[in-house]
Amino acid sequence: MIHQSKEPGLLPTALVIANDLKVQRCDVLIHNTKRMCTANLIVTNHEAQSFPSCSLAKDDSEAYKDHCKPQRLEFDRVLCDVPCSGDGTLRKSHDLWRKWSSSMGNEFHLLQVNIAMRGIALLKVGGRMVYSTCSMNPVENEAVVAELLRRSGSSVELLDVSTELRELVRRPGLGTWKVNDRGSWFQTHEDVPDSRKNVILPSMFPSSTSIHESHKVYNSFDVNSEYNVPFSRNFNIEDTNNVNCDTGGISSSNSAQSLDSKFPLHRCMRIVPHDQDGGAFFIAVIHKLSLLNENQVIKVRKTENLLSKNRTVKLQEQCQHRIVSEVLDDNKLLDEQTKLSVANQTSKDDNLTEVKMASDVEYSQTESGDRSRRMDKLDYQHKWKGIDPVLFFKDEAVIKNIVSFFGIEESFSLEGHLVTRSTDNARRIYYVSKAVQDILELNIQVGEQIKIASLGVKMFERHRSKDGCSCAYRLSYEGLSLLFPYMRKRILHASPVDFQHLLQYRTINFARFADARFGEEAASMMPGCCVVVLREGYQIADSIASDPSPIAIVCWRGRATMNVLVSPADRKELLEYRFGIKAFKVEDEKSNKNIDALAEESL
């Protein structure tokens, strides 16, 4: 969707920011999105509940004054896929049977609320947020959505999307449920023992008005949950009078003792495993109508901090009591402590202090040196440890050399769109779209609040060849599809036979090409990186017929050979899925055996 430009020849202006808390999952995300070759992606590594807004504006009015440059990070759409107990994945995650407990949903509840509230805060007015889990626990689902509506007041609304995705079998959200804690079921927060009220929160119950009782309830709605009709692909809760869901302990029927939620939670979607032979999911779509009331947000945060503080104090008291008792009971430890001399203890403290200082400063100064040298190191200091900084590549001489060497048209501007992750002698250069460029500039102005794991598409790489190439950088295959339409130099057209042999053997001598003219053109070209395009007029497979774009690969014109600069996996994919050829094996080592024989057979 983001690559559908309004005008042909123009790059898209949209972008996607994908965030994950775990670095390993970020790496998987980066690996999977590389095949898209998009310059409109930023992968970040943050706790979602504290995702930065990067605001330059003092108030909301200033955020909309300058339409050319963003003053605050806001999104048209937010997908809030929160961490959950994951009981909806039991059919495929069999190991979860040993780990799961009913308390897991209670533990995730407040985190889910905080993440979703942050998503609403980052949402533009008029935008939509999808809240989703792979859990069936209403404490993680309907209770969270109800709390979002309480906190946000009239600023948001829960949308009815029953008419969309008609082939998806869904059930309505629950209006009534009970909360389980240590084997006991509770219908209201008043029923919870005082010793557990800091763990079982008021927002977990359908009858709660909020964490604090002074919040206004938006769009009061009385849901009749006594339903008794079958579900279908065209199920519409608005037209249904009776539905009954047997949830075992989680009641969905009205009774004199249970209280319904005052929100239209039936608009939520519950995906049940046996309805469509899949997993269980919960989905809710929230529409932002106006800016959030800051007073309500601040009051909720104070209440959360108080609850969190009470829990922390209790845990500290328990841990302190446990540690003291263990130390008093351990005579050996006391004997060892009495044997420590004052000198040794002082030395130990000094060493600990030095270690702490070294860990706090990325470039620690362990030796005295020139002051200017230390300042140079500090200039390269980056805010996020373990993450390379994002620097705009501004070497005009190198950029002009690249443009001239590959014949890049002026319509494809490189200035301001190139970034690197190296503090010196940029090894890789990435291309980013205008939208990503604006976000980077905003992030720099606010002091690099966003922790960027990856961005854009790799376009150029520094080479170490001694073949006499006049350009210090070569093209990257990842960025070829983006740059190729604007290239006018360093392009060769190969026959299907030669193109196939390049993919299979990676390195071929000029004299061994089936098309002698292609070999002569390659030999006459100046050494360096080039692009080899599959010549038109060949027999194409069905998979290629649907994609009219030219098929091209990045190569290196060496002293006497043409070398393919494409990974074995990408070469194999081109052979199998683009040509429909699966008989040949991709060789990782240089091999020119039987090329002449294969060429003769093909001819």
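**Exercise 1.** In this predicted model, decide whether D515 is buried or exposed, and find which residues D515 touches.

*Solution.* Begin with the relative accessible area of D515, which is 16%. Buried means under 20%, and therefore D515 counts as buried. Next, locate the residue in the chain: D515 sits in the loop between β18 (507-509) and α15 (516-524). Then list its surroundings, leaving out residues up to four places away in sequence, and you will find that D515 touches S495, D498 and R535. Finally, look at R535 in particular, since its side chain and that of D515 are joined by a polar contact of 2.8 Å.

**Exercise 2.** Work out whether K383 is buried, partly exposed or exposed, and which residues K383 touches.

*Solution.* Start from the position of K383, which is in the loop between α10 (371-379) and β11 (391-392). The relative accessibility of K383 is 46%, and because partly exposed covers the range between under 20% and over 50%, K383 is counted as partly exposed. When residues up to four places away in sequence are not counted, K383 touches G447, E448 and Q449. Take G447 as one of these: K383 and G447 are 64 residues apart in sequence, while their C-alpha atoms are 8.6 Å apart in space.

**Exercise 3.** Describe how helix α14 (residues 496-505) and helix α17 (residues 568-578) pack.

*Solution.* Two packed helices are described by the angle between their axes and the distance between the axes. For α14 and α17 the angle is about 140°, and the axes are 9 Å apart. This angle makes α14 oblique to α17. The crossing in which α14 passes α17 is left-handed. The contact itself is made by Q500, L502, L503 and Q504 of α14, together with R571, L574 and L575 of α17.

**Exercise 4.** Find which residues touch the most other members of the largest nonpolar core, and how many residues of α5 are buried.

*Solution.* The largest nonpolar core has 56 residues, and M129, Y131, V145 and L455 touch the most other members. Among the elements that give two or more residues to this core are β4 (123-133), α5 (142-152) and β14 (452-455). Consider M129 more closely: leaving aside neighbours within four places in sequence, its contacts include V78, A116, L148 and I286. Turning to α5, eleven of its eleven residues are buried, so α5 is largely enclosed by the rest of the structure. These buried residues include V145 and L148. After α5 comes G153, whose phi is positive, near 60°.

Conventions. Residues numbered from 1 in each chain as written. Predicted model: local features only at pLDDT ≥ 70, side-chain atom pairs only at ≥ 80, totals over all residues. Heavy atoms only, no water. Helix = DSSP H or I, 4+ residues; strand = E, 2+ residues; numbered from the N terminus. Buried < 20%, exposed > 50% of the residue type's maximum accessible area, 1.4 Å probe, protein only. Polar contact = N/O pair within 3.5 Å; in protein donor to acceptor, adjacent residues only side chain to side chain. Contact = heavy atoms within 4.5 Å. Core = buried A, V, L, I, M, F, W, Y, C linked by side-chain atoms within 4.5 Å. Axes fitted to C-alpha atoms, helices over the stretch in contact; angles between N-to-C directions. Parallel < 35°, antiparallel > 145°, perpendicular 65-115°, else oblique. Left-handed = near helix turned anticlockwise from the far one by under 90°.
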